[in-house]
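Subject: Structure for you to look at

Hello,

I am passing on the structure we talked about. Please open it next to this message and follow along; my notes come straight after it.

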Amino acid sequence: MHAHSRRAVLGAGIAAAGTGLLGACSPSVPPDTMGESGMDGNGMDTSGKGGDAVAAPRPEYVSPDGPEVMAAERQRGAGPVRRFQLLATATTLDLGARTVKSWAYGDMLPGQEIRVTAGDTLALTLTNNLPQPTSLHWHGIRLRNDMDGAPGLTQRPVGTGTAYDYRFTAAHPGTYWVHPHSGVQLDRGLYAPLIVEDPKEPLSYDKEWVIVLDDWLDGVGGSTPDAVLAELNGRGGPGMDHGGPRRVPAPAGSAASPAPANAALAAAANDKTKGRTKGKAKGRKGRAKAALRPPPRSLRGGGSALLGGVAGDVAYPYYLANGRTPHSPQVFRAKTGDRVRIRIINAGGDTAFRVALGGHQMTVTHTDGYPVVPARTDALLVGMGERYDVVVKVKSGVFPFAALAEGKGRSTMAVLRTGGKGPRNFPRPKELDGELLTAARLKAAEQVRLSPREPDRTIRMRLTGSMRHYDWSINDKPYDPAQRYPVREGERVRMTFINSTSMWHPFHLHGHTFALPDGGARKDTAILLPHSRVSVDFDADNPGLWMIHCHNVYHSESGMMTVLGYQR
């Protein structure tokens, strides 16, 4: 698969953060290349930052399109080909409360759902009509490495005016989604649900409702995700000029002033006029600049006990459910007594959502695409990148599916209706304050539980950085695409995350799922609370170069990401 592009973006996108202490050093890595963190100091040749090619991997690591990757793909088989087209473009979107100019897939928010059956070959052509390079990451899917959509690591970026063909076997059923892995493009409108149906679906239900949650600022008051990233990194905010056209008022000058009687008075009057003119012009120019400058978006105050303190970094003007504000919510219709499967996806950039369906309890059946021992609850906490499937038996009436932006004092909703007219405004559902379930309380279903086994390798990743300096990293080392943590195919790998920061982080591993402790749920994205520690296990069964990163897009783009590399 090839794309023609003018530049390679190294480490662009929601990349991974992490450095770790390896339990044992591989013999192929010389001892003097191993730092305090145990990270392999040898990596890709990054000399081609301005060129067409992806940085070349070192020979001791599996290449994203190497024979090991192709062998793993052949083992998955090749089912019927399902073809899709996706257009990334600038467009105008109707959010319900207002319209905004943004970037999206086509003119829809979320983008058109991609739905296949497990075992199908998914073939999608991404066409880029954006003013900058982009990519497409298949979040949560265990796929071949060269299709993962990580520019500068697994593929070239998709340049403006070019197209890229993605093709892979979608082997595992579940709820997934797609988004760019380029800069902070995720925090625009570039996302869409990806559903892989189970041909042997064990669940019984009558209807299915996919709900994609998001936090929104793009195109509101001149805000863009890039400006917010600059603000958070201390390069923007209320005191900074973010560029754009400037109106310079014409001098209000002496031509309209009466001529004084003599030259001395004329000179004095002219000096005064110049001073007043200069001051007025400067004031008007400053006001013009202020009018063109986007408002500050850094979150001030706010917190959440569920998240261990600070809820996030960004105060968004809107929160969306299926692309709509609560002023004009999406309405889903069902019959009384229907069993409805709700697939919940958090596509937000900086916001965890607490979700509940008014008047109902939910039975959690899956998280991140994998089945769990069914668990009933009133509410769920969903971090960025996480997915949950729940089943509800619908009561008669009109009910809000409420999504509270945890710790930010705002919310959004969609509406479940069985018929007739209902209220336009709803009180806060009591279920939001009822029993709440997090991933840590779930257990993996027996058929997907990892077999008991001691780890062959342990990698320690200490999350570092602060909100004050916005220097997010792992073991105090920001992302460098030349570095990676070595593993070998067939190993049971234990990753121990130590969050030494005062901020929570939703961590995401590409191309794999890991098991939470003590028979816990299979996940690819998990919330790490401040000053906490958790160890997760996974089987190294998908060769390639895979990113690990915080799924807060502003943290990952500031350095909290790294690469897991399979050694030959």
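Leu124 touches Phe84, Leu86, Ile114, Leu136, Trp138, Tyr164, Asp165 and Tyr166, leaving out residues up to four places away in sequence. Please keep in mind that this is a predicted model. Leu124 also belongs to the largest nonpolar core, which has 132 residues. Along with Trp138, Ile342, Leu380 and Tyr554, Leu124 is listed among the residues with the most contacts inside that core. There is a second, separate core of 8 residues, including Tyr61, Ala150, Leu153 and Leu545.

Next, one buried threonine. Thr367 is part of strand S14, which covers residues 362–367. Its relative accessibility is 0%, and therefore Thr367 counts as buried. What does the side chain of Thr367 meet at 2.9 Å? The partner is the side chain of Lys523, and the two are joined by a polar contact. A polar atom of the Thr367 side chain also lies 3.1 Å from the backbone oxygen of Arg387. Apart from neighbours within four places in sequence, the residues in contact with Thr367 are Val372, Arg387, Tyr388, Leu442, Ala521, Arg522 and Lys523.

Two of these contacts, Lys523 and Arg387, come up again among the salt bridges. The count of salt bridges comes to 31.

- Lys523 and Asp368: their side chains meet in a salt bridge, 3.3 Å from N to O. Lys523 is in strand S27 (residues 522–523), while Asp368 is in the loop between S14 and strand S15 (370–377). The pair links distant parts of the chain, 155 residues apart. Both Lys523 and Asp368 are buried.

- Arg387 and Asp524: the closest N and O atoms of this salt bridge are 2.8 Å apart. Arg387 lies in strand S17 (residues 387–393) and Asp524 in the loop between S27 and strand S28 (525–528), so the salt bridge ties together parts that are 137 residues apart in sequence. Arg387 and Asp524 are both buried.

- Asp541 and Arg142: here the side chains form a salt bridge of 3.2 Å, N to O. Asp541 sits in the loop between strand S29 (533–539) and strand S30 (545–550), and Arg142 in the loop between strand S5 (137–139) and strand S6 (163–169). They are 399 residues apart, and the pair links distant parts of the chain. Is each partner buried or partly exposed? Asp541 counts as partly exposed because its relative accessibility is 33%, whereas Arg142, at 13%, counts as buried. The cut-off used here is that buried means under 20%.

The last item is the largest pocket. Its volume is about 500 Å³. The pocket is lined by 27 residues, and the closest to its centre are Gly369, Tyr370, Pro371, Gln447 and Val448. Which elements give two or more residues to the lining? They are strand S12 (339–346), S14, S15 and S29. S15 gives the most, with 4 residues. You have met S14 already, as the strand that holds Thr367.

A good place to begin is Thr367, and from there you can go on to Lys523 through their polar contact and then to Asp368 through the salt bridge.

Regards

Methods. Residues numbered from 1 in each chain as written. Predicted model: local features only at pLDDT ≥ 70, side-chain atom pairs only at ≥ 80, totals over all residues. Heavy atoms only, no water. Buried < 20%, exposed > 50% of the residue type's maximum accessible area, 1.4 Å probe, protein only. Polar contact = N/O pair within 3.5 Å; in protein donor to acceptor, adjacent residues only side chain to side chain. Contact = heavy atoms within 4.5 Å. Core = buried A, V, L, I, M, F, W, Y, C linked by side-chain atoms within 4.5 Å. Salt bridge = Lys/Arg side-chain N within 4 Å of Asp/Glu carboxyl O. 1 Å grid on protein atoms, 1.4 Å probe; cavity = no way out; pocket = protein on both sides within 12 Å on 5 of 7 lines; lining within 4 Å. Points joined across faces, edges and corners; volume = space filled by probe spheres on them.
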